[in-house]
Every structure is written in structure tokens, then in C-alpha cells.
Amino acid sequence: MKLLIIGSMAYDTVKTPFGERERVLGGSASYSSLAAAFFAPVALMAVVGEDFAAEDRELFRERGIDCSGLLTVPGGKTFHWQGEYGYDLNEAKTLRTDLNVLGTFDPEVPDALRDTPYLFLANLDPKAQMKVLDQVRLPRVVAADTMNYWIEHRREDLAELLPRIHILIINEAETRQLSGEYNLVKAGLKILEWGPKMLIVKRGEYGVLKITRDSVFATPAYPLDSVFDPTGAGDTFAGGFAGYLAQADDLSESTVRQAIVMGSVMASFNVEAFSLDRLKTLTKEEIGGRFRAFRELTDFS
Ligand code: AMP
């Protein structure tokens, strides 16, 4: 099944204890669509400025990603995010957010994409996320992400969005910030009361927690000996997760669990290099190998 992803496309300036990169390709839509395209046909919606490089655009086209919804604003500048990580790689410190063309993004879903059955609303202004939801007819599954920036500045819009989605995928700090609860299970149950049927909490190197009204499922993250840049790990997780679900077209407990592990596999590759560099060289064989290694990692039968 086809998956429509809307989110940010960015140039990121990132510093980690292992190096720094200036104005490299990033953004929630970039990471998630590249990850999802390993599993399902993907259409991408985002906005960029005239400074967006042709080779960056080509990266998505050559993966067969439908870019008919990628808007270029003449004379505009691409969204720029600057962040820094200390040795605790689970927490990004945002130093600068230049919304640029993202500030006035008013997404218009191309006619041919209005019946797309799977929708992933990657991290973006919740108003823009809802605008997409308004235009897609009866999507089968809607998953969404958000971040501290929107929880702080657009809480009311988020409250409107939550009843309209099935799966919310956010990180641990965002779960606490959104709910006002420290305990993650309590926080999760509170958020579920506001609409979503399922909450997926990304916990960085500690893995993932899935919370529904009547069950909790947890996986570790894949233990790596080389982590360079955690930027985009959450988006890559969500892209792998949503792509796997769209491919399976099934929301059974076992498929959702497999999708969570596949998302974790994709995220584990992404953090091995800066920007989208690792996703660019990644192969299906490597993905399959790590998925099997993940099974062994958690097998105690
Ligand atoms: P994460 O998966 O959480 O590490 O997401 C990192 C990506 O989020 C970076 O590539 C940024 O370009 C993007 N990003 C940062 N702030 C925002 C924002 N306010 N809205 C949309 N995307 C953002």
C-alpha cells in the first residue's frame, strides 16, 4: 500500500562529540521517506527554498519516491535547524530554528495522492499536518509525530490533531512534556484519552515503548559500538515503522511489533553517520541481517 509522508526538509547544522557538519541535508520528511521507501511506495510532501540542491532532490527521485508534492518556493530559503548533542546522545539541544519557507507552508495535496491509504504526518507545524488530513479521503491509518517546539508553541492545534490520528510517535521527553506526567505509562494512558489508539514512545538508546489502552510492549535499541550522529533517528524509526505497516497492510499485534523492530533497525543504521549518509549506502541485505540479529538479541526462549 502507498504511504504519504508530509514533514520538514531541512539543512541542518549539527554538532556531536564526534564531529560537526554545516548545512547538511536533514528534516523529518527526508529521513522518514528515505527509510520508508525500503518497504513501501512512498509519496513525499514538503517545502524547500530555491537554495535546495539538485543532488538532494535527486536522492529521493532515484529511490522511486513520488515527489509531486514537493513544493519549491521561488526566492525562498530552505528550513534550517541547528542542534547540538553532548555525550548523552538521547537529547538534542536546539540552538536555532530558522523556519524560512516552512513558516508559511500551506500544503496542497496533489489530486493523485488524495486517496493514499497510509499517512505519516512527520514532525511539522500541527496546522500543516491537519491541512493534509483535511484533504486526504478516508485514510486507513494515520500516524503522526511532533516535537517540543510544537508542544510549546502550538499546544491547542495539537489538541485538535490528536483525536484525528491513530498512532502518535513521540520521544520520551515529549511524552512527559505533552502529558505533564513523569511516569511514562501514566503519561501514555493520559495521551491516549485525548484520541490516538496507540502511543509509541521513542527512548533513544533505551529502545521503544508501545502503549495501548490494554497493553504495553517494549523493545531495546540495537546496541552499537559506533554512534556518530543521532539526528533523524526518531524520523528514521517512524519511516521504517510506517513503511513496514504500509507494506504489510495489517495492524495486528504481531505486525505492529515487527514494524517497531524494523523501525529500530533503520534508526540504528542512521546514527552510524552524519545526515542521511548511512541511509544512502544502506542495502536490503544489511537491513535483513540486523533484523535477524535483533531477534537473537532479545531471544530468551
Ligand atoms: P529527530 O528524528 O527527532 O532527530 O529529528 C531531527 C530532524 O528534525 C532534523 O533533521 C531537523 O531538521 C528536524 N526539525 C527540527 N526542528 C523542527 C521543527 N520545528 N519542525 C520540523 N522539523 C524539525
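**Legend 1. Asp-249 and its positive phi**.
Asp-249 is partly exposed, with a relative accessible area of 28%; buried means under 20%, exposed over 50%, and partly exposed in between, using a 1.4 Å probe and protein chains only. The model is predicted, with local features requiring a pLDDT of at least 70 and side-chain atom pairs a pLDDT of 80 or more, while totals for chains, interfaces and linings use all residues. Residues are numbered from 1 along each chain as its sequence is written, and side-chain values rest on heavy atoms, leaving out hydrogens and water. Asp-249 is not a glycine, yet its phi is positive, near 50°. The residue sits in the loop between helix H8 and helix H9 (253–270). Helices (H or I, at least four residues) and strands (E, at least two) are DSSP runs numbered from the N terminus.

**Legend 2. Leu-138, another residue with positive phi**.
The phi of Leu-138 is about 40°, although Leu-138 is not a glycine. Leu-138 belongs to the loop that runs between helix H3 (126–135) and strand E9 (141–144). With a relative accessible area of 83%, Leu-138 is exposed.

**Legend 3. The shell around the ligand**.
The ligand is surrounded by 18 residues, and the closest are Ser-8, Asp-12, Gly-27, Gly-232 and Asp-235. A residue counts as near a molecule or strand if one of its heavy atoms lies within 4 Å of it. At least two shell residues come from each of strand E2 (10–16), strand E6 (79–85), helix H4 (148–153) and H8. H8 gives the largest share, 3 residues. By type, the shell has 9 nonpolar, 7 polar and 2 charged residues. Here Ala, Val, Leu, Ile, Met, Phe, Trp, Tyr, Cys and Pro count as nonpolar, Asp, Glu, Lys and Arg as charged, and the others, Gly among them, as polar.

**Legend 4. Polar contacts with oxygen atoms of the ligand**.
A polar contact is a pair of N or O atoms within 3.5 Å; within protein, one must be able to donate a hydrogen and the other to accept it, and residues adjacent in sequence count only if both atoms are side-chain atoms. In the side chain of Asp-12, an N or O atom is 2.5 Å from a ligand oxygen. Two backbone examples come from Gly-232 and Gly-234. For Gly-232, a backbone N or O atom is 2.7 Å from an oxygen atom of the ligand; for Gly-234, the corresponding distance is 3.1 Å. On its own the ligand has 510 Å² of accessible area, and the protein covers 89% of this. Accessible areas come from the Shrake-Rupley method with a 1.4 Å probe, and for residues only the protein chains shown count as cover.

**Legend 5. A nonpolar surface patch with Phe-228**.
Phe-18, Tyr-87 and Phe-228 make a nonpolar surface patch of about 360 Å². Patches consist of residues with over 30% relative accessible area and no salt bridge; like charges are joined within 9 Å, and nonpolar side chains (Val, Leu, Ile, Met, Phe, Trp, Tyr) within 5 Å. Phe-228 is found in the loop between strand E13 (216–219) and helix H8 (233–248). Its relative accessible area is 35%, so Phe-228 is partly exposed.

**Legend 6. Salt bridges within helices H6 and H9**.
A salt bridge is a side-chain nitrogen of Lys or Arg within 4 Å of a carboxyl oxygen of Asp or Glu. The structure holds 19 of them. Side chains of opposite charge can pair when their charged atoms come close. In the bridge between Arg-176 and Glu-172, the closest N and O atoms are 3.6 Å apart. Arg-176 and Glu-172 are separated by about one helical turn, because they are 4 residues apart in helix H6 (residues 172–179). Arg-176 is partly exposed, at 22% relative accessibility. Arg-257 and Glu-253 form another bridge, with closest N and O atoms 2.7 Å apart. This pair is 4 residues apart in helix H9, so about one helical turn separates Arg-257 from Glu-253. Arg-257 is partly exposed at 32% relative accessibility, and Glu-253 is partly exposed at 34%.

**Legend 7. The salt bridge between Arg-290 and Glu-272**.
The closest N and O atoms of Arg-290 and Glu-272 are 2.9 Å apart. Arg-290 is in helix H11 (residues 284–298) and Glu-272 in the loop between H9 and helix H10 (277–281), so the pair ties together parts 18 residues apart in sequence. Arg-290 is buried, with a relative accessible area of 14%; Glu-272 is buried as well, at 17%. Through shared partners, salt bridges join Glu-272, Arg-278, Glu-286 and Arg-290 into one network.
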